[in-house]
Amino acid sequence: MEEERRREKNRILAELQESDSRASVQQREAELLKRSTKMLKSQLQQMQELLATRERQHLLELEKQKPLDRAELKEIADREKERTGAIVRQYEQRLSEQQDAYSSLENEFRTALKIETNRFEEVR
């Protein structure tokens with residue numbers, strides 16, 4: 001009976017120590033999380049301030065730029081359209097040349113196959 005009480009007491013003490021240990025670990029983790037949260041909030045605030053500053057600078061730069069009128073805009077669009085059209089034509093021409101070369105290669109291959117078939121038939 002006495003032995004059982006001592007074992008029970010030791011078990012309870014061990015559970016208490018384990019609980020205290022877990023509590024202190026969780027307390028340290030909570031402190032780390034609080035510090036981390038504070039640091040992240042500070043970084044977020046700095047980033048928001050930086051973004052606001054850059055946005056103001058960008059708006060100032062936009063105000064300094066000369067606005068384009070319709071004629072200038074149309075001219076720029078036409079030049080870009082012409083440039084991209086030339087690029088498209090170049091690619092279409094290259095594609096056509098490659099298709100012709102591929103067709104020629106296919107025909108050559110077919111001819112070679114026919115020749116080999118005829119040779120095979122003669123050998124047989």
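Which residues form a nonpolar patch on the surface? I looked there first. Ile12, Leu13 and Leu16 form the patch. Together they have about 250 Å² of accessible area. I kept in mind that this is a predicted model.

**Entry: Ile12**

I placed Ile12 next. Ile12 lies in helix 1, which covers residues 2-64. Is Ile12 buried, partly exposed or exposed? Its relative accessibility is 38%, so Ile12 counts as partly exposed. The partly exposed class runs between 20% and 50%.

**Entry: overall fold**

I turned to the whole chain. How many helices and strands does the chain have? I found two helices and zero strands. Helix 2 takes in residues 70-123.

I then checked the dimensions. The radius of gyration is 41 Å. A compact globule of 124 residues would have a value near 14 Å. I noted the spans of the C-alpha trace along its principal axes too: about 110 × 80 × 15 Å.

**Entry: burial and surface**

What share of the residues is buried? I read 1% of the 124 residues in the chain. The exposed area of the chain is about 12600 Å². Carbon and sulfur atoms supply 54% of that area.

**Entry: charges**

I looked up the charged side chains. The chain has 26 positive and 27 negative ones. How far apart do the centres of the two sets lie? I got 6 Å.

I went on to the salt bridges. The count comes to 10. I followed three of them, taking two in helix 1 and one in helix 2.

**Entry: Glu3 and Arg6**

Glu3 forms a salt bridge with Arg6. Their closest N and O atoms are 2.3 Å apart. Why are Glu3 and Arg6 separated by about one helical turn? They are three residues apart in helix 1, and therefore about one turn lies between them. I checked exposure at both ends. Glu3 has a relative accessible area of 34%, so Glu3 is partly exposed. Arg6 is at 46% relative accessibility and also counts as partly exposed.

**Entry: Glu18 and Arg22**

I moved further along helix 1 to Glu18 and Arg22. These residues form a salt bridge, with the closest N and O atoms 3.7 Å apart. The spacing here is four residues, so Glu18 and Arg22 are separated by about one helical turn. Glu18 has a relative accessible area of 46% and is partly exposed. Arg22 counts as partly exposed at 47% relative accessibility.

**Entry: Glu116 and Arg119**

My last pair sits in helix 2. Glu116 forms a salt bridge with Arg119. The closest N and O atoms of this pair are 3.2 Å apart. Where do Glu116 and Arg119 lie along the helix? I found both in helix 2, three residues apart, about one turn of the helix. Glu116 counts as partly exposed, at 44% relative accessibility.

I also checked for a salt-bridge network. Which residues do shared partners join? Glu3, Arg6 and Arg7 are joined into one network by salt bridges that share partners.

Terms used
Residues numbered from 1 in each chain as written. Predicted model: local features only at pLDDT ≥ 70, side-chain atom pairs only at ≥ 80, totals over all residues. Heavy atoms only, no water. Rg over C-alpha atoms; globule rule 2.2 N^0.38 Å. Buried < 20%, exposed > 50% of the residue type's maximum accessible area, 1.4 Å probe, protein only. Areas by Shrake-Rupley, 256 points an atom, 1.4 Å probe, with all protein chains shown as cover. Lys, Arg positive; Asp, Glu negative; His and termini not counted. Charge placed at Lys NZ, Arg CZ, Asp CG, Glu CD. Patch = residues over 30% accessible without salt bridge, like charges linked within 9 Å, V, L, I, M, F, W, Y side chains within 5 Å. Salt bridge = Lys/Arg side-chain N within 4 Å of Asp/Glu carboxyl O.
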